Amino acid sequence: SRGVEVIADASMAFVGNIPGETQAKLLRTLESVSGSTSRAAKVLGISPRKIQYKLKEYEARAQKAVKRG
């Protein structure tokens with residue numbers, strides 16, 4: 001999805017209070033399972049909803065970073 005592309009492009013620029021290593025691990029896992037949040041959730045031992053929440057959070061931060069230039 002387009003949201004995942006935006007996140008992957010700027011993934012390390014807007015970590016905030018989420019450890020960058022955690023964010024990178026989530027994105028790498030999603031890539032390895034072709035973007036399937038349910039499969040990534042199984043690999044990471046968290047709920048698919050948690051992944052969806054984090055992706056929305058990352059995307060919002062990426063969009064803010066782009067707007068700020």
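**Figure 1. Helix H4 along its length, residues 48–68.** In this predicted model, H4 has 21 residues, which at 1.5 Å a residue should span 30 Å; its end C-alpha atoms lie 30 Å apart, in agreement with that expectation. Turn to the side chains next: Ile51, Lys54, Leu55, Glu57, Tyr58 and Ala62 are the buried ones to look for. Down the helix axis these buried residues fall within an arc of 165°, so they line one face of H4. Arg49, Lys56, Lys64 and Lys67 sit on the other side of the helix and are exposed.

**Figure 2. A salt-bridge network within H4.** Begin with glutamate 57, which forms a salt bridge with lysine 54, with 3.9 Å between the closest N and O atoms. These two residues are three apart in helix H4, about one turn, and both are buried. Glutamate 57 also meets the side chain of arginine 61 in a salt bridge, at 3.0 Å from N to O. Here the spacing is four residues, again about one turn of H4. An α-helix has 3.6 residues a turn, so residues three or four places apart point the same way. Glutamate 57 has a relative accessible area of 16%, under the 20% cut-off, and therefore counts as buried. Arginine 61 is at 22%, so it counts as partly exposed. Through shared partners, the salt bridges join Lys54, Glu57 and Arg61 into one network. The salt-bridge count comes to two.

**Figure 3. The largest nonpolar core.** Nine residues make up this core: Leu26, Leu27, Leu30, Val33, Ala40, Ala41, Ile51, Leu55 and Tyr58. Helix H2 (20–32), helix H3 (37–44) and H4 are the elements that give two or more residues to it. In soluble globular proteins, nonpolar side chains tend to be buried together.

**Figure 4. Helix H2 and the residue to find after it.** H2 has 13 residues and reaches 18 Å from its first C-alpha to its last, close to the 18 Å expected at 1.5 Å a residue. Its buried residues are Gly20, Gln23, Ala24, Leu26, Leu27, Thr29 and Leu30. Following H2, look for serine 34, whose phi is positive, near 55°.

**Figure 5. The protein chain as a setting for the close-ups.** The chain has four helices and zero strands, running α-α-α-α from the N terminus on. Of its 69 residues, 36% count as buried. The chain exposes about 4,700 Å², and carbon and sulfur atoms supply 52% of that area. Among contacts between residues at least 6 apart in sequence, 43% join residues at least 24 apart.

Key:
Residues numbered from 1 in each chain as written. Predicted model: local features only at pLDDT ≥ 70, side-chain atom pairs only at ≥ 80, totals over all residues. Heavy atoms only, no water. Expected span 1.5 Å × (residues − 1). Buried < 20%, exposed > 50% of the residue type's maximum accessible area, 1.4 Å probe, protein only. Arc of directions from axis to C-beta. Contact = heavy atoms within 4.5 Å. Areas by Shrake-Rupley, 256 points an atom, 1.4 Å probe, with all protein chains shown as cover. Core = buried A, V, L, I, M, F, W, Y, C linked by side-chain atoms within 4.5 Å. Salt bridge = Lys/Arg side-chain N within 4 Å of Asp/Glu carboxyl O.
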